[in-house]
Amino acid sequence: MKQKVMVSAILVMAAAAAMGATVCAEEGSKKIAVMRNMTSSDHTTQFFAGCVEEGEALGYTVDTFMADGDDVKMQNIMEQNLNQDYDIWILSHANEGYQYDLVTKAVEKGIQVVGFDCGGDHVEGVTYTSQSDGDLTEISLDALIEKAEEQGKTQPIKIVEVNTLGAIVPFDTRHAKIEEYVADGKLEVVRMISPNLAGGDAYAEVNTGVSTAIQSGLEFDGVWAASTGFLDGVMDAVNASGNEYVVTGIDISDTELQRLANEPMYYCCAAVDPYVIGAVDVRIAVSKVLGLETPETYQFAAVGIKNGEVEEGATMASLKGVIEGFGESEEFLSDELKALYQ
């Protein structure tokens, strides 16, 4: 009898050891590197927050890295992190010319990778997520045209476009949509202002550009910004002019909500909640670690928020449940992931 008990105990211990080894192999070091090739902004802060909070909730340690819109710096960060013990990479805006090569090396090392708004060819086994840039642009342009027509303007609506082509993939795809509107006779771009994003003073360049356009007598009905990160310079210029314009842009943050609440000329912001982008990217990556099926590409749905919908003091958190898709999402929240929540 004693011998049977001892054999049973040994078998149980062996099974537990084998299971533990399997779990350890699946879990690895449980570390995530989030690398973002964008300048500091509320949007970046909330993207990081989504990554960090979701990663920690799923039992991971999360480190964040900023490349400040500098591709050389982004490459260096990625190369350095190849030599660290990360299980997961979340990449934001890694560009063509290095993304494919460095992500390939990461995948060969067994790192699970999700890339948000990244340029270049796709690496097999990696999920590339993006905002629906076409929808974002249409929402913001349609709102600008709508408001300008309410003010008595007629198509083509004359606009100043604030956009730096070639900086990141979304800026180019958003401009392509503007070209469609121009070809259809809906818009006329009378001035393009392109701030230097790599070490330049974007605020000063945008503010000077818009102010100069106004002071020179250039006639335009509105200003469209490829990123609301450009709007500090825009709003200061149009507010100082004494003229009435319609301003719309892409990307949301707490700053933008207050701008919508307090700036009458700022009519609409088209956006995807950056917190949700970060959180969902992490879920997809952890799903890969667990061996679950994940897509090659995934697009986040866009919404438009108009100034009449935002009250003083509104925050991204306060929009939870008020505007669909903001602050929370059930995407890729499988039973397997729910079981990991701390």
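Author: Let's start with what I mean by a helix or a strand: each is a DSSP run, of at least four residues (H or I) for a helix and at least two (E) for a strand, numbered from the N terminus. Also, keep in mind that this is a predicted model.

Reader: Okay, where is D68 found?
Author: Look for the residue with a phi near 60°, a positive value in a residue other than glycine. Most residues other than glycine have a negative phi. To find D68, go to the loop between strand 2 (61-66) and helix 3.

Reader: And which loop does P156 lie in?
Author: Start at the peptide bond from Q155 to P156, which is cis, with omega near 0°. Most peptide bonds are trans. As for its place in the chain, P156 lies in the loop between helix 5 (133-150) and strand 6 (157-162).

Reader: Now for helix packing. How is helix 3 set relative to helix 4?
Author: Helix 3 (residues 71-82) packs on helix 4 (residues 99-108) with the axes 10 Å apart and an angle of about 15°. Angles under 35 degrees count in one class, so helix 3 and helix 4 are roughly parallel.

Reader: How many charged residues does the contact of helix 3 with helix 4 have?
Author: The crossing of these two helices, 3 and 4, is left-handed. On the helix 3 side the contact uses Q75, M78, E79 and L82, and on the helix 4 side L102, V103, K105 and A106. Sorted by class, the contact of helix 3 with helix 4 has 5 nonpolar residues, 1 polar, and, for charged, 2.

Reader: What about helix 5 and helix 6: which word describes how they lie to each other?
Author: Their axes are 9 Å apart, and the angle between helix 5 and helix 6 is about 45°. That angle is neither under 35 nor in the 65 to 115 range or over 145. Helix 5 and helix 6 are therefore, to each other, oblique.

Reader: How many polar residues are in the contact of helix 5 with helix 6?
Author: Helix 5 passes helix 6 in a right-handed crossing. Helix 5 brings D133, G134, L136, T137, E138, L141, D142 and I145, while helix 6 brings P170, T173, R174, K177, I178 and Y181. Split by class, the contact of helix 5 with helix 6 has 6 nonpolar, 5 charged and, for polar, 3.

Reader: Helix 2 packs with helix 10, so how many nonpolar residues are in that contact?
Author: Helix 2 and helix 10 (residues 274-289) meet at an angle of about 35°, with axes 7 Å apart, and the crossing is right-handed. Helix 2 residues here include H43, F47 and C51, and helix 10 residues include Y275, I277 and V282. In the contact of helix 2 with helix 10, 5 residues are polar, 4 are charged, and the nonpolar count is 8.

Reader: On to the spaces. How many polar residues line the largest pocket?
Author: The largest pocket holds about 680 Å³ of space. It has 35 lining residues, with T39, S41, S227, G229 and F230 closest to its centre. Helix 2 (42-57), helix 7 (202-215), helix 8 (231-241) and helix 9 (254-262) each supply at least two of the lining residues. The lining has 11 nonpolar and 7 charged residues, and its polar count is 17.

Reader: Last one: which helix gives the most to the lining of the largest cavity?
Author: Searching the whole structure turns up 1 cavity of 30 Å³ or more, and the largest cavity has a volume of about 50 Å³. Its lining includes R36, H93, D117, P170, F171 and R174, and by class the lining divides into 5 nonpolar, 3 polar and 4 charged residues. With 3 residues, the helix that gives the most to this lining is helix 6.

How values were computed
Residues are numbered from 1 along each chain as its sequence is written. This is a predicted model: local features need pLDDT of at least 70, side-chain atom pairs count only at pLDDT 80 or more; totals for chains, interfaces and linings use all residues. Side-chain values use heavy atoms; hydrogens and water are left out. Axes are lines fitted to C-alpha atoms, for helices over the stretch in contact, and angles run from 0 to 180 degrees between N-to-C directions. A crossing is left-handed if the near helix is turned anticlockwise from the far one by less than a right angle, and right-handed if clockwise. Contact means heavy atoms within 4.5 Å. Ala, Val, Leu, Ile, Met, Phe, Trp, Tyr, Cys and Pro count as nonpolar, Asp, Glu, Lys and Arg as charged, and the others, Gly among them, as polar. On a 1 Å grid over the protein atoms alone, a cavity is a set of points where a 1.4 Å probe fits but cannot get out, and a pocket is an open set with protein on both sides within 12 Å along at least five of seven lines; lining residues have an atom within 4 Å of a point. Grid points are joined across faces, edges and corners, and a volume is the space filled by probe spheres set on the points.
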